[in-house]
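Biologist: Please take me through one part of this model closely. I would like the surroundings of a single acidic residue, then the charged pairs around it.

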Amino acid sequence: VPVDVSVYMFTRLLLDGLPNQRDHDILERGYIDGQVLVSADLTGLSPEGRLIPELYELPSRERVDEILAALPASTHARLAALSPSTRVDRLQSHLYVMHGVGDCHIPITEARRLAAEAPPGVLQRYTELRLFEHVRVDQQLSRTALALDIYRLYRHLWLLAQEVL
């Protein structure tokens with residue numbers, strides 16, 4: 001489940017990509033400021049603007065893909081600019097990816113996708129850890145899980161250090 005700051009940033013990105021300022025203002029009141037939107041507000045939205053409330057009604061995965069595909073080109077450009085996977089093919093150094101399984105800011109699937117899209121020979125190490133929730137240490141691990149993750153972290157960093165030093 002994404003945390004509030006991630007939902008806020010994603011919402012801001014979606015709203016700022018809308019070409020219609022009226023749509024932006026109405027949806028900002030509802031999805032950023034937390035005001036209740038009335039049906040008159042929603043029926044007056046452009047087709048692009050109506051996609052945003054639909055997205056937040058938890059549609060099927062297939063419908064989410066359709067909604068995202070129908071978003072304005074400016075939104076797609078903003079999303080692409082944020083994603084390291086859009087430029088991983090141009091990487092001219094080795095790539096070491098480490099990600100927390102319980103990260104509620106960036107889903108683990110994004111780290112897996114980045115690793116999978118790396119050109120042959122670029123990805124040197126991919127490590128998933130239960131030790132971290134985003135960048136904070138998770139204190140709820142069993143001793144066995146903690147020991148295993150400390151070993152994984154050490155191995156990941158040792159391989160990286162071998163390349164750098």
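Modeller: Here is a look at D23 and then at some salt bridges. The model is predicted, so local features need pLDDT of at least 70 and side-chain atom pairs pLDDT 80 or more, while totals for chains, interfaces and linings use all residues. Residues are numbered from 1 along each chain as its sequence is written, and side-chain values use heavy atoms, without hydrogens and water.

D23 is found in helix α2, residues 21–31 (helices are DSSP runs of H or I, at least four residues, numbered from the N terminus). D23 is buried (under 20% relative accessible area with a 1.4 Å probe, protein chains only; exposed is over 50%, partly exposed in between). D23 has no salt bridge (a side-chain nitrogen of Lys or Arg within 4 Å of a carboxyl oxygen of Asp or Glu). The nearest side chain of opposite charge, R22, is 4.8 Å away (Lys and Arg count as positive, Asp and Glu as negative; His and the chain ends are not counted).

The D23 side chain does make a polar contact with that of S46, at 2.3 Å (N or O atoms within 3.5 Å, one able to donate a hydrogen and the other to accept it; sequence-adjacent residues count only through side-chain atoms on both sides). Beyond four places in sequence, D23 is in contact with L18, G44, L45, S46 and G49 (heavy atoms within 4.5 Å). G49 is itself buried, in helix α4, residues 47–55. The buried residues of α4 pack against α2, among others.

Elsewhere in α2, R29 forms a salt bridge with D41, at 3.3 Å between the closest N and O atoms. This pair links α2 to α3, 12 residues apart. R29 is partly exposed at 28%; D41 is buried at 15%.

Technical notes: Helix = DSSP H or I, 4+ residues; strand = E, 2+ residues; numbered from the N terminus.
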